[in-house]
Amino acid sequence: MKTLQKISFAVAFAAALVPVLSQGTTAQANATNTIVSTSNMTDTAYTRKSATGWTYNLGGTASNMTFGKKTHYLKNYPNTTWHATKKRYIIKKNGVKYLYYYVTNGRKTASGWIWHGYLQKKNYAHTSAATTGTGSYSDLYKVAKAQLGKPYVYGANGPSSFDCSGFTKYVYSKALGQTLPRTAQSQYDTYTHVSAANAKAGDLIFFGTSKNNISHVGIYKGNNKMIDAQLRGVINEATNVSWWHTVGYSRPATLS
């Protein structure tokens with residue numbers, strides 16, 4: 001009888017202890033990813049610090065945030081300028097707080113949330129003294145004109161297709177033997193800027209929303225005209241039209 005009472009007491013004690021242990025385990029673990037805060041931030045330009053990161057679509061609710069589809073792999077964007085406009089602090093299931101930025105590329109063709117550690121602030125240092133070239137505008141335009149009608153392909157450097165900065169890079173290389181940076185933003189950042197009043201044929205003309213958000217570049221021909229690679233391919237077109245917002249001009253070379 002005493003043995004039976006001891007067994008019953010042990011069972012009752014264990015039953016009472018289980019809920020207590022369960023409550024303690026639950027309190028120490030995060031069952032979900034939670035959003036601490038989301039806020040707008042001043043448009044800040046970044047480039048990739050690591051090639052291993054992805055941007056994500058974030059979904060769910062503040063108390064149960066979910067990581068959706070991976071959208072863009074940084075390995076495929078070696079020279080892209082990313083513009084961060086929002087920040088979000090997240091506590092993941094492991095209990096650690098992380099900072100994510102909502103970023104968009106200059107062309108607004110790629111966007112998503114990304115861990116801030118994969119990015120570094122863009123350096124806008126100018127290096128014009130070391131890279132300015134020389135040559136003639138006639139040689140430059142001859143090469144540019146030979147590309148008229150070729151199709152636009154994002155990321156293309158020629159010779160059969162181009163994007164905007166791939167076109168300017170190709171033309172300067174073939175005509176003058178000068179190597180321009182790969183992206184429109186870096187072509188704007190690298191060379192001496194000139195005013196619209198002092199712009200000359202052969203200068204580069206840039207478009208976008210600001211000097212930190214260059215989305216397009218062409219070769220200026222003078223008299224509000226340029227030759228460029230855009231969605232319709234390589235064409236001659238006007239620059240003083242409503243769909244182009246001119247940010248400025250740069251001079252990669254001194255041309256005769």
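Let me begin with a pair of neighbouring strands: strand 10, covering residues 204-210, is joined to strand 11 by six bridges, and the two run antiparallel. What you have in front of you is a predicted model, so please keep that in mind through everything I say. Within this pair, G208 of strand 10 stands opposite I214 in strand 11, and the two strands form a hairpin with two residues between them.

For those of you who are new to sheets, the general idea is that strands pair through backbone hydrogen bonds, and that they can do so in either a parallel or an antiparallel way.

If we go on along the chain from strand 11, we come to strand 12, residues 225-230, and these two strands also pair in the antiparallel sense, this time over three bridges. Here the bridge partner of G222 is K225 in strand 12. This is again a hairpin with two residues between the strands, and the loop holds N223 as well as N224. Both deserve a careful look, since phi of N223 is near 55 degrees, a positive value in a residue other than glycine, and phi of N224 is near 60 degrees, again positive in a residue other than glycine. Are these loop residues buried or exposed? N223 has a relative accessible area of 69%, which is over the 50% cut-off, and therefore it is exposed, whereas N224, at 35% relative accessibility, counts as partly exposed.

Now let us step back to the whole sheet, which is open, has six strands in the order 9-14-10-11-12-13, and pairs in the antiparallel sense. Its edge strands are strand 9, residues 192-194, and strand 13, residues 233-238, each of which pairs on one side only. From one strand to the next, the twist averages 40 degrees.

Two helices come next, and both meet this sheet. Helix 4, residues 164-176, packs on the sheet and touches strand 10, strand 11, strand 12 and strand 13, with its direction making about 40 degrees with that of strand 11. Helix 3, residues 137-145, lies across strand 11, strand 12 and strand 13, and runs at about 115 degrees to strand 11. How many residues of strand 11 are buried? Eight of the ten residues in strand 11, which spans 213-222, are buried, so this strand is largely enclosed by the rest of the structure.

Let me stay with helix 4 for a moment. This helix has 13 residues and reaches 18 Å from its first C-alpha to its last, which is close to the 18 Å expected at 1.5 Å a residue. Helix 4 is also mostly covered, with ten of its 13 residues buried, and among these buried residues are C164, F167, T168, Y170 and Y172. Just after helix 4 comes G177, whose phi is positive, near 70 degrees.

Between helix 3 and helix 4 there is a loop that contains P159, and the peptide bond leading from G158 to P159 is cis, with omega near 5 degrees.

One residue of helix 5 ties several of these elements together. Q187 is placed in helix 5, residues 184-190, and at 0% relative accessibility Q187 counts as buried. Which side chain does Q187 meet through a polar contact? The side chain of Q187 is joined to that of T168 by a polar contact of 2.8 Å, and T168 is one of the buried residues of helix 4. Leaving aside residues up to four places away in sequence, Q187 touches a list of residues including S165, L204, F206, V217 and S250.

Finally, a word on confidence, which you should check whenever you read a model of this kind. The mean pLDDT of the protein chain is 85, and 85% of its residues reach 70 or more. Over residues 1-28, however, the pLDDT is below 50, and this stretch has zero contacts in the model beyond near neighbours in sequence. Residues 126-130 also have a pLDDT below 50, although that stretch has nine contacts beyond near neighbours in sequence.

To close, please look once more at strand 11, which is joined to strand 10 by six bridges, pairs with strand 12 over three, and is touched by helix 4.

Technical notes
Residues are numbered from 1 along each chain as its sequence is written. This is a predicted model: local features need pLDDT of at least 70, side-chain atom pairs count only at pLDDT 80 or more; totals for chains, interfaces and linings use all residues. Side-chain values use heavy atoms; hydrogens and water are left out. Buried means under 20% relative accessible area, exposed over 50%, partly exposed in between (1.4 Å probe, protein chains only). Helices (H or I, at least four residues) and strands (E, at least two) are DSSP runs, numbered from the N terminus. Two strands pair if DSSP finds at least two bridges between them. Axes are lines fitted to C-alpha atoms, for helices over the stretch in contact, and angles run from 0 to 180 degrees between N-to-C directions. Contact means heavy atoms within 4.5 Å. The expected span of a helix is 1.5 Å times one less than its number of residues. pLDDT is the predictor's confidence in each residue, from 0 to 100. A polar contact is a pair of N or O atoms within 3.5 Å; within protein, one must be able to donate a hydrogen and the other to accept it, and residues adjacent in sequence count only if both atoms are side-chain atoms.
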